[in-house]
Amino acid sequence: MNLDAYPKEVGLKGGKAVRIRPLQNDDFDRLFAFFQSLTPEDRIYLRHDVSDPKLIRKWTSEINLNYVIPLVALDGDTIVGDGTLHIATHGWMQHVGHIRLVVARSHQRLGLGTLLARELVGLAEGHGLEKLQGHVIESNLSAAKMFERVGFEKVAVLKDLVKDQNGRDQNLAIMINDVARLSQIMEDWIQDSMIPGYRGSGEGYG
Ligand SMILES: CC(C)(COP(=O)(O)OP(=O)(O)OC[C@H]1O[C@@H](n2cnc3c(N)ncnc32)[C@H](O)[C@@H]1OP(=O)(O)O)[C@@H](O)C(=O)NCCC(=O)NCCS
């Protein structure tokens, strides 16, 4: 996986700027602080219990780009967004990637989730993936809307399959899109909805 294009500086709606780069082994404190800062409403929908320091230690110490490509967005030295692309190295899902995103409340609705997704789509394209999926708890409207906004289609809802972080049964929505199609849709979306400066200065922006 070629990550030479990072770090990238990108401007968000409202004028804030963030730096997007791969997660590093020395990011434990930053990543733990980021997950600690999430609101209970956001944390409840996440697949993992991100309040567990052992889990965050594992994520930062065992980075293996063959399976997971983790990107973080930093405002100064503070992580404000986290996006991961998960890849199967063998089997019938080898052509299908899986993306997960989390953005701090302070930086939501500024386009950061979409920009992180766009980076992951670019990496998926570079890796030769054909499809991407996002798994979202159906009642998590902000995540479902963000995925739909960039063209993901809800192809299945698995009733009461998962438990949220409060232990309640929830429906899991499977959202899918083709990588080539996504790449174009996201480009159009970013061009259409950007205010000047939003596109950022990294390679491939604008
Ligand atoms: C889902 C999430 C990553 C979106 O991040 P974000 O940076 O706010 O997303 P964007 O600013 O790129 O939003 C893109 C579009 O998604 C939709 N959207 C995002 N959040 C929304 C909300 N709370 N309500 C309604 N629509 C929303 C909007 O259409 C938005 O475009 P607009 O602001 O121009 O109207 C963020 O809400 C989050 O971290 N949630 C908690 C964790 C989570 O649920 N992750 C998903 C699991 S994969």
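Student: Which exposed residues sit on the face of H5 turned away from its buried side?

Tutor: Good place to start, and remember that this is a predicted model. Exposed here means over 50% relative accessible area. On the face of H5 turned away from the buried side, the residues that count as exposed are Leu141, Ser142, Lys145 and Arg149.

Student: And why do the buried residues of H5 line one face of the helix?

Tutor: First, let's name them: Ala144, Met146 and Phe147 are the buried residues of H5. Now look down the axis of H5: these residues line one face because they fall within an arc of 160°.

Student: What do the buried residues of H5 pack against?

Tutor: Follow Ala144, Met146 and Phe147, the buried residues of H5. Their partners are one helix and three strands, namely H4, E5, E6 (131-137) and E8 (169-178).

Student: How much of the ligand's area does the protein bury?

Tutor: Begin with the contacts of the ligand's oxygen atoms. A polar side-chain atom of Asn140 is 2.6 Å from one oxygen atom, and a polar backbone atom of Val103 is 2.7 Å from an oxygen atom. Taken alone, the ligand exposes 920 Å², and the share of this that the protein buries is 86%.

Student: Which element gives the most residues to the shell around the ligand?

Tutor: Nice link back to our helix! The elements giving two or more residues to this shell are strand E5 (96-103), helix H4 (112-126) and helix H5 (141-149). With 5 residues, the element that gives the most is H5.

Note on methods:
Residues are numbered from 1 along each chain as its sequence is written. This is a predicted model: local features need pLDDT of at least 70, side-chain atom pairs count only at pLDDT 80 or more; totals for chains, interfaces and linings use all residues. Side-chain values use heavy atoms; hydrogens and water are left out. A polar contact is a pair of N or O atoms within 3.5 Å; within protein, one must be able to donate a hydrogen and the other to accept it, and residues adjacent in sequence count only if both atoms are side-chain atoms. Accessible areas come from the Shrake-Rupley method with a 1.4 Å probe; for residues, only the protein chains shown count as cover. Helices (H or I, at least four residues) and strands (E, at least two) are DSSP runs, numbered from the N terminus. Buried means under 20% relative accessible area, exposed over 50%, partly exposed in between (1.4 Å probe, protein chains only). The arc is that of the directions from the helix axis to the C-beta atoms. Contact means heavy atoms within 4.5 Å.
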